[in-house]
Structures are given as structure tokens and as C-alpha cells.
Amino acid sequence: MPEGQRADARRNYERILAVAVDEVAAHGANASLEQIARIAGVGSATVRRHFPTRRALLEAVSHKRIEDLSDRARELAGTGESRTALLAWLNEVVEYSATARGLAAVLVPDGGEVEPAHVNGCAAALEDAASPLLQDAVRDGAVSSEATLADLLALIAGIAMATEHYPDPAAQAHRLFQLAFTGLAPQH
């Protein structure tokens, strides 16, 4: 919310965001903007004024989670074995993505973006925070140098979206992520 906004505009923003958090938790990334407006007691134009796109709303809803994950990446950087640290952080991203409906949708580029140079704020924040984790793992030979954080976040987002309707989406997402991270070869 930009500084200098009128008090009523700030209240509307905060009320819309609070309702959106609940609606996205209940209905995922496709939560109805009209329903959010109705519950918040504002018009749909007010919602769109504060959040011009669905993605802007989802990014605002996910902001705190993204900050927490970024902080966690910074905590893990340089601690212990590099592959273990990276995997611990990625598992936390999987957990958040599988349980916080709507988060996975903001980790991947939006195909409807008009400008290809559009920066995905959530993914960019995670990539910035976690790049030391990946760099350490690559340097130690624990992860392929071809892997990028964008690749790993896209993989996690895909898994989270594919498992969101399972009875226990987090457990299924973790299982699939472990398969992807360790590979399909039998472990001895």
C-alpha cells in the first residue's frame, strides 16, 4: 500500500487483503474477485483499483510467506552441508506451496503478461534470497550446474498445483518432490 494514501483507502486495502487471504486459502488462486469485494464491503472497482490484476492480489496475499521463505534461505546459507541446506529450504517451499493455496501460482510466470521483461516479484525475491544456497550446492558438486532456482521453483509450483486436490496435498507434494530431487533410480 503506497504511503500517502487516504485513511479510507488504506482501510479498504487492508480489508480487501484480509478477505483475500481467507478466500485464497479456501478457494485457491481462482478465488472470486467479486466475492472478495462483496465480503470486504466494497465494489469490485475498488478491488481492481488496489489490485489491477489477479496476480497482483495473489502476490500481496503471498507477501508474508515469501518474506518468511526468503529469511529462511538466508538463515540456511553457509550452514552445514550445501545439498542438505538447499534441500531443507526447497522442502519448506514445497510445504508452503502445497498448503498455502495460491502461492504456487505466483511462483511461475503469468502467460498473460504483456511485457516479457515483467519481473515476477515473488519468484525474484526467493531467487535472490536462495541463490547462495544453490551456488554452494553447485560449487560442492551436489547439484547440477544446469539447475536454476527458476527451474526449481517452476518444478515446485507444478507439483503443488498438481496435488492441491489430494486429501493430503502436502504429503503428496513432498513425495513427488523427493522423486524429482533424488531421481527415479533406486537408492542403495
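**Exercise 1. Decide whether Arg-72 is buried, partly exposed or exposed in this predicted model, then find its salt-bridge partner.**

Step 1. Start with the accessibility. Arg-72 has a relative accessible area of 26%. Buried would need under 20% and exposed over 50%, so Arg-72 is partly exposed.

Step 2. Look for a carboxylate next. Arg-72 makes a salt bridge with Glu-75, and their closest N and O atoms are 3.2 Å apart.

Step 3. Place the two residues. Both Arg-72 and Glu-75 belong to helix H4, three residues apart, or about one turn of the helix.

Step 4. Follow the shared partners. Arg-72, Glu-75 and Glu-92 are joined into one network by salt bridges that share partners.

**Exercise 2. Work out where the salt bridges of Asp-71 and Arg-55 lead, and compare the burial of the residues involved.**

Step 1. Begin with the general idea: side chains of opposite charge can pair when their charged atoms come close.

Step 2. Take Asp-71. Its side chain meets that of Arg-74 in a salt bridge, at 2.9 Å from N to O. The two are three residues apart in helix H4, so about one helical turn separates them.

Step 3. Check the exposure of this pair. Asp-71 has a relative accessible area of 38%, which makes it partly exposed. Arg-74 is partly exposed as well, at 47%.

Step 4. Now turn to Arg-55. This residue forms a salt bridge with Glu-59, with 3.4 Å between the closest N and O atoms. Arg-55 and Glu-59 both sit in helix H4, four residues apart, about one turn of the helix.

Step 5. Check the exposure again. Arg-55 has 11% relative accessibility and therefore counts as buried. Glu-59 reaches 19%, so this residue also counts as buried, given that the limit is under 20%.

Step 6. Put the pairs in context. The structure as a whole holds nine salt bridges.

**Exercise 3. Describe the course of helix H4: its span, its bend, its cover and what follows it.**

Step 1. Compare the span with expectation. H4 covers residues 54-76, which is 23 residues, and reaches 32 Å from its first C-alpha to its last; this is close to the 33 Å expected at 1.5 Å a residue.

Step 2. Find the bend. H4 bends by about 50 degrees at His-63.

Step 3. Characterise the residue at the bend. His-63 has 46% relative accessibility and so counts as partly exposed. Its C-alpha is separated by 9.4 Å from that of Leu-103, a residue 40 positions away along the chain.

Step 4. List some of the buried side. Among the buried residues of H4 are Leu-57, Leu-58, Val-61, Ile-66, Leu-69 and Leu-76. Their cover includes helices H1 (7-27), H2 (33-40), H5 (82-99) and H6 (121-139).

Step 5. Look just past the helix. H4 is followed by Gly-78, which has a positive phi, near 75 degrees.

**Exercise 4. Describe helix H5 in the same terms.**

Step 1. Take the span. H5 has 18 residues and runs 26 Å from first to last C-alpha, close to the expected 26 Å.

Step 2. Pick out buried residues. They include Leu-86, Leu-87, Trp-89, Leu-90, Val-93 and Val-94.

Step 3. Name the neighbours. The buried residues of H5 pack against H4, H6, H7 (149-163) and H8 (169-182).

**Exercise 5. Classify the aromatic pair of Tyr-13 and Phe-51, and say which parts of the chain it ties together.**

Step 1. Recall what is needed: an aromatic pair is described by the distance of the ring centres and the angle of the planes.

Step 2. Apply this here. The whole structure contains two aromatic pairs. In the pair of Tyr-13 and Phe-51 the ring centres are 5.1 Å apart and the planes lie at 25 degrees, so the pair is stacked.

Step 3. Locate the partners. Tyr-13 is in helix H1 and Phe-51 in the loop between helix H3 (44-50) and H4, so the pair ties together parts 38 residues apart in sequence. Tyr-13 and Phe-51 are both buried.

**Exercise 6. Summarise the overall fold in numbers.**

Step 1. Count the elements. The protein has eight helices and zero strands.

Step 2. Add the burial. Of its 188 residues, 40% are buried.

Step 3. Consider the contacts. Among those between residues at least 6 apart in sequence, 68% join residues at least 24 apart.

Step 4. Finish with the surface. The protein exposes about 10200 Å², and carbon and sulfur atoms supply 54% of that area.

Technical notes. Residues numbered from 1 in each chain as written. Predicted model: local features only at pLDDT ≥ 70, side-chain atom pairs only at ≥ 80, totals over all residues. Heavy atoms only, no water. Expected span 1.5 Å × (residues − 1). Bend = angle between axes of the 7 residues up to and from the residue. Buried < 20%, exposed > 50% of the residue type's maximum accessible area, 1.4 Å probe, protein only. Contact = heavy atoms within 4.5 Å. Salt bridge = Lys/Arg side-chain N within 4 Å of Asp/Glu carboxyl O. Areas by Shrake-Rupley, 256 points an atom, 1.4 Å probe, with all protein chains shown as cover. Phe/Tyr/Trp six-rings, centres within 6.5 Å; stacked < 30°, edge-to-face > 60°.
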